[in-house]
Each structure stands twice: as structure tokens, then as C-alpha cells.
Amino acid sequence: MDVKAAPNGVATIEDRILRITGYYGYYPGYSSQKSTSRSSVTRCKPSTNCSSSHSGISRQLSPLPVTEDSSAPILELQSRGSSGVCGHRAERQNRSGDDGTQMHPENSNRGNRLKARCLSCTAVVLKAVWGLLIILSVSSSWVGTTQIVKITYKNFYCPFFMTWFSTNWNIMFFPVYYSGHLATAQEKQSPMKKFRECSRIFGEDGLTLKLFLKRTAPFSILWTLTNYLYLLALKKLTATDVSALFCCNKAFVFLLSWIVLKDRFMGVRIVAAIMAITGIVMMAYADNFHADSIIGVAFAVGSASTSALYKVLFKMFLGSANFGEAAHFVSTLGFFNLIFISFTPVILYFTKVEHWSSFAALPWGCLCGMAGLWLAFNILVNVGVVLTYPILISIGTVLSVPGNAAVDLLKQEVIFNVVRLAATIIICIGFLLMLLPEEWDEITLRFINSLKEKKSEEHVEDMTDSSVHLRSRSRANGTVSIPLA
């Protein structure tokens, strides 16, 4: 639409806009010539040839005085006029392509998140499955070891020789670990290189003769005492009673850690320690404080105490160890036992404290079965810490109590009275209380608060649903209910 000419010579609104915006191809009277050229410009379909329109536009725009800087917009105008509807479609396709490129990273991020969640869920499920298998393996190996010892005692009673023989099998711990390393690791290492790497548990210099005697001797003595006292207790008590009393070592570990290592004080673990001591007294009372019963309880409690002292001293002097370092250390204990403690069963043999007629008369099947299961138990305890949650290893240990009880009932070697059953249950409950984490009270409070919040949210939702229902009913009846603030 034309308007009156302005004093500066600009005749139309389009000329004003072009002049203000600084369009390169602008000159006075541009819009009037453009309006005349529009009549000759025709839109072309995508399938038709637009050569006529190209020639018409170029003929009309050729006499215009155009500089080099203004050539680009005019060529752009010619391309737009020649493209017609095709140009609009191309622009839409470009825009849709840009939108697709913007949406593609979001979709990829969502896919990555879903993959990460699936991988985390798979890892948790695998860890739980491994935990279940480890629990069953740990409890069955410990039950098998205890029951084979009871069977061996029927024809052969040499507890120290059995302890020495089974401890020598610890030498095979590191070769088993290295075999697993060769089967699973991507970067294989030589045996000596792996041995030196795992010997860092003794210090930066590795294993020296001085450290071998200084660090290995006390732990080897404690290891031997723990197993020897455990075997002595199995001669006086049933397998169920001994395995239940041995579970008290968790309470002794807490007490020693609290006193020696200055660990955090926890009231629930004090209660668990008291329950363990109560179970010990009740176990001795179950047979009316019979002499063999009291001696057997003393042996079992002594075995649990030396086991607790071993764990506390290990934590004090050597700290935490990974699977390879634990395998190296246990194999070192086996070497020390073979070299320095072999004279003890020889002395007991010649003094006829532990005597047997000939080596052919020894029950090698039972001895090898006991030593193999004992070695398997130690390997599973250390492997389980790597593959699954450490708390499951302790649960597998306490499950050996009902396992031994089931075997003793089948063999008809034990008669459970009320006192013995109560003592076993109290000791097991105290053991489970020891497994509670240090922040168990905070975790419990958070869980209770979350339950309260969920209940309050459900109550609010019920109130809103009821108010909406009342409003709909009142509107249907022709009245409006206004809730009070």
C-alpha cells in the first residue's frame, strides 16, 4: 500500500523499512520497481522448470546500479524467487534436521542412564547370588570339618598332630590364588612378581628373614592354639555346642578392639557381649556343670578368645589386606608351621602323648578330608569378601550352628533340653547383633521417618480425594460446599 511521499524522498513503508535496516540493495524508488516486478514473478511447483521466471527476474533487475557488496543479497533474492515453494520445504527440512540433532543427545543420555541402571542392578543381583553361594559353601565346609573331626576321633585321637597336618595345607593357599589370577586376569604376572607384590603386607621392603620370624611367629602360634583348642573341645562336647560357643569370638573381638584399638563404643555390642557370656554360662549349666562339660566349654571359649586376639593383632600390626596379601600371609603361616613347629608332634609321639602304631594305620582319608575342608573354609572366607558383602561371610559362619545341630540330630548324638537350646539361641542372637553397622541407629531413625512421611502423604491424598468427592456430590445436588480455611 502506497503512502504520501516524505520530505526525504521515501515514498512507501517498505522503502522506509529498507532504509532504516540498511539493506544493501536499497535505492530510492526500489519498492515501486519491485512491485512492478512482482507481477511477473510466478511460483513454480517442485516438479516444474523455473527457467522462465529466472530470466524474467534477471532482465528486470539487470539495469539497477548494484555494487559488489550488494550482489549477495540480490543473488539470495533471485534464489528465493526461483525456488518458490521448494525453498520453504527445504527450510522446514533443515529445521526438522536441527531439531533432530538437538533431540539425539537427549535420547542418547537417556539410553546411557538406562544402561547404567541395568548394569548396576545386574551387579547387585550377581553379588547377591554370589553371597548366597558363599553362605552355603562357608557353612557346609565348616560343618563338614567339624563332623569329620568327630568321625576321626572314633579311631584316632591325636588333636595336635591333626592341627599340625591341617595347618601345613595352608601352603597351597597362594598357589590356588595364583591359579585364579592366571584364569581371570587380563595382564598375567610371573609367580615371583606376584609373590613380591603380595609380600608388601609385611612392609615396603617385602618379606625378609627378620620380618618372617617377627611377624609370622606370634600369628602362627595363635593360629595353632585356636585350632588345637577347638579340636580339644570337640572331644568333650557335641559339634553343635562347640560351633555355638566359637561364635562368641565376635563379642571378644569387639571387647579387645574397644580396649586395645580404641574403637567406637556401641551399646548394642555390649549387650551382644553380655548375651554371649550368658550363653556360655547356660551351656555349662546344661549338663549340671559336669566336669567334661566345663572343660569342653573352657576349651571352646579359649579357642574363640585366641581367634579374637589373632584378628585384633592382625588389624593392629598389618592392617587390612586384600585377597592376594591374605593368601600370601596364610601360605607363610603354613611354611612357618612346617619348619618350626614340626618338632612338637615328634616330641608328643616319642613321649607317647599322641602315639600311633604305624603311618599305614593312620586314617589318611579323614585327615585329608578335614585338612581340605579347613583350607576351603579359609579360602572361601577371603574370596567372599571380594565377591560379595562381608556380612554374608559371618552369616555363613553362624549358620554352621543349625547345620551341626541337624547332623547331630540325625546321628542321635545330642538331646536338646531347654537350657541348651536357649543358650544356643542367645549366643546366635548376640552374634547377629555384632553384625549391625556402627550407624545402625541413624539408619533406623531415617527408615522410621521415611515411613512416617509416606503415611502423612497418603493421609493428605485421602483428604484431598474425599474433599473432591464431596464437591462433586454437592454440585450434582445443586449446592456448592465451601471448605473452611
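What pLDDT does the protein average, and what share of the residues score at least 70?

## Confidence across the model

This is a predicted model, and the protein averages a pLDDT of 75, with 70% of the residues scoring at least 70. Over residues 1–10, though, the pLDDT is below 50, and that stretch makes 15 contacts in the model beyond its near neighbours in sequence. Residues 479–485 also stay under 50 in pLDDT, and here the model has 6 contacts beyond four places in sequence.

Which helix has the lowest confidence, and which the highest? The low end is helix 4, residues 71–83, with a mean of 36. At the high end sits helix 6, residues 159–168, with a mean of 95.

## Cysteines and the disulfide search

How many disulfides does a search of the whole structure find? The count comes back as 0. Take Cys368: it is in no disulfide, and the nearest cysteine sulfur, that of Cys366, is 9.6 Å away. As for solvent, Cys368 is partly exposed, with a relative accessible area of 31%.

Why is the sulfur of Cys428 not in a bond with the one in Cys247? Cys247 holds the closest cysteine sulfur, but at 5.6 Å it is too far for a bond. The cut-off for calling a disulfide is a pair of cysteine sulfur atoms within 2.5 Å. Cys428 itself counts as buried, because its relative accessibility is 15% and buried means under 20%.

## Glu325 in helix 14

Glu325 is part of helix 14, which spans residues 323–340. Is this glutamate, Glu325, buried or exposed? With a relative accessible area of 16%, Glu325 is buried.

Who are its contacts? Leaving aside residues up to four places away in sequence, Glu325 touches Cys198, Ile201 and Ser320. There is also a long-range pairing in sequence terms: Glu325 and Ser199 are 126 residues apart along the chain, yet their C-alpha atoms are 6.6 Å apart in space.

## Lys352 in a loop

Where is Lys352 placed? Look in the loop between helix 15 (343–350) and helix 16 (364–387). The backbone there is worth a glance: phi of Lys352 is near 60 degrees, a positive value in a residue other than glycine.

Lys352 counts as exposed, because its relative accessibility is 63% and the cut-off for exposed is over 50%. So this lysine, Lys352, combines a positive phi with an exposed position in the loop that follows helix 15.

Note on methods. Residues are numbered from 1 along each chain as its sequence is written. This is a predicted model: local features need pLDDT of at least 70, side-chain atom pairs count only at pLDDT 80 or more; totals for chains, interfaces and linings use all residues. Side-chain values use heavy atoms; hydrogens and water are left out. Helices (H or I, at least four residues) and strands (E, at least two) are DSSP runs, numbered from the N terminus. Buried means under 20% relative accessible area, exposed over 50%, partly exposed in between (1.4 Å probe, protein chains only). pLDDT is the predictor's confidence in each residue, from 0 to 100. Contact means heavy atoms within 4.5 Å.
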